Number of protein chains: 2
Amino acid sequence: MADPGSDKREAILNTALNLFVERGFYGTPTSLISKEAGVATGTLFFYFRTKEELIDTLYLRTKAGAAAAMRRGLEEEETTQGRLRLIWHNAVEWGVQNREKMQFMEQFAHSPFISKTARDEGLSRFSFLHEYVLQGIGEGVIRDYDPPLLLGVLASSLSSVIARVAEVNDPGLRDVIIEQGMDFVWNGIRLEGDPKDTKIRRSKEKR
Amino acid sequence: MADPGSDKREAILNTALNLFVERGFYGTPTSLISKEAGVATGTLFFYFRTKEELIDTLYLRTKAGAAAAMRRGLEEEETTQGRLRLIWHNAVEWGVQNREKMQFMEQFAHSPFISKTARDEGLSRFSFLHEYVLQGIGEGVIRDYDPPLLLGVLASSLSSVIARVAEVNDPGLRDVIIEQGMDFVWNGIRLEGDPKDTKIRRSKEKR
DNA sequence: TCGTAAATTGACTAGTCAGTCAATTGTTGC
DNA sequence: GCAACAATTGACTGACTAGTCAATTTACGA
């Protein structure tokens, strides 16, 4: 049984991630993946029946990793508001730390004719977010917008913020941008309360 | 001289747009494009030296069209705020009406190894937006965020809103979602003023 | 130490695709 | 009605690629 084990399988997945981000799915021949991973062509097809299965596997594990990262420390938060803010914070952190994986997911999400099954399964990992958004609406913490719209703008703002952060070198400016991104979405979705609310809460956050 | 003229050239571009959105750049062979467009293989390469040149051309003209649509009626708006709101409104309208072109641009933007030149030239069409954002910040109408961040979240929110609108059939709900999208970004970027500001202004808009 | 099965190899195949080019047709000015 | 050039055709090629498979190596339990 060598599903999770095997150095070679791991090497193939990691190499594939790098190459896909650099050159795209179609610009990356399986021969190149195996070569760079230091294995023979046949080995790749021993672990993954097709190239598509390799891509899907990579997508699913990456999404799962991202979802797990977003939930970090969630139990400790008491309020819905606190949880939403923590999720956002975790997401930005993860995205900044895993730029490649982020790019890969984006590329995948915007490619037509890439396994709808994998797409759906990947999305399902984020259903917990859906719950919190509904809860937030129910509690009157965030505006009563169409929930899929809310989830969509949150996700797209996230990747936008991460992309901008990646362009910036100065670490101080990076932090500023992360703050501004949080501000933007929070002001965009929160129902009311005085405008300073954001700033006060933020400075109380640990880390 | 057949640069803008020629039915065949036009047919190739239109067919290519459809096929690219349906099947992706690499999933669409030039042979299929010419076949569907009702021309011979050679004709495609008579008008476009390479497949990449075809893609770039399509991208540039699509971006140009989008930019033009966003500027519609801009001269008539007096205030920066009014202009920003009109641009957003135009953008949503165009995106909803041109879902395919929207998808195409998105696909293009997220593909690696697609001509950086075209990408940059496409972006330059939207420099006017940059101006208005700077002006808005200068006038204290919108928050003093990092301008590239602002442009990024605006663009990504836009495509998010349009994607969601496209999923919805009920025209009433569509309008609601468009309103909510506008609300979201406006609350996200506007500096202050009472929260009702948005609603009041919106109902005064014509159309 | 041996036998069996899993893991690994890489030369090979069958198919695909971007781009070519010599030949044909259409167009325009004279 | 013809010369010159532009537009159009489609069979063809050279390069490349996903996936195969028979042969070889490795791992390991008895």
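The legends below describe close-up views of a predicted model of protein chains with DNA strand C.

**View 1. Protein residues around DNA strand C.** DNA strand C is surrounded by 15 residues. The closest come from two chains: T43(A), F46(A) and Y47(A) from one, T30(B) and K51(B) from the other. Of the strand's atoms that come within 4 Å of the protein, 73% belong to sugar and phosphate.

**View 2. Makeup of the surface near DNA strand C.** Which helix gives the most to this surface? Helix 3 of chain A, residues 41-47, does so with five residues. By type, the surface near DNA strand C has seven nonpolar, six polar and two charged residues.

**View 3. Contacts with phosphate oxygens of DNA strand C.** In the side chain of Y47(A), an N or O atom is 2.4 Å from a phosphate oxygen of the strand. K51(B) places a backbone N or O atom 2.7 Å from a phosphate oxygen of DNA strand C. For K8(A), a polar side-chain atom lies 3.4 Å from a phosphate oxygen of DNA strand C.

**View 4. The cavity in the protein.** Rolling a probe the size of a water molecule over the atoms shows where empty space is left. Here the count is one cavity of 30 Å³ or more. The largest cavity has a volume of about 190 Å³. Its lining is made of 17 residues, and those closest to its centre are Y26(A), S111(A), F25(B), Y26(B) and S111(B).

**View 5. Residue types in the cavity lining.** How many residues of each type line the largest cavity? The lining divides into six nonpolar, nine polar and two charged residues.

Key. Residues numbered from 1 in each chain as written. Chains lettered and ligands numbered in written order. Predicted model: local features only at pLDDT ≥ 70, side-chain atom pairs only at ≥ 80, totals over all residues. Heavy atoms only, no water. Near = heavy atom within 4 Å. Polar contact = N/O pair within 3.5 Å; in protein donor to acceptor, adjacent residues only side chain to side chain. Helix = DSSP H or I, 4+ residues; strand = E, 2+ residues; numbered from the N terminus. Nonpolar A, V, L, I, M, F, W, Y, C, P; charged D, E, K, R; others polar. 1 Å grid on protein atoms, 1.4 Å probe; cavity = no way out; pocket = protein on both sides within 12 Å on 5 of 7 lines; lining within 4 Å. Points joined across faces, edges and corners; volume = space filled by probe spheres on them.
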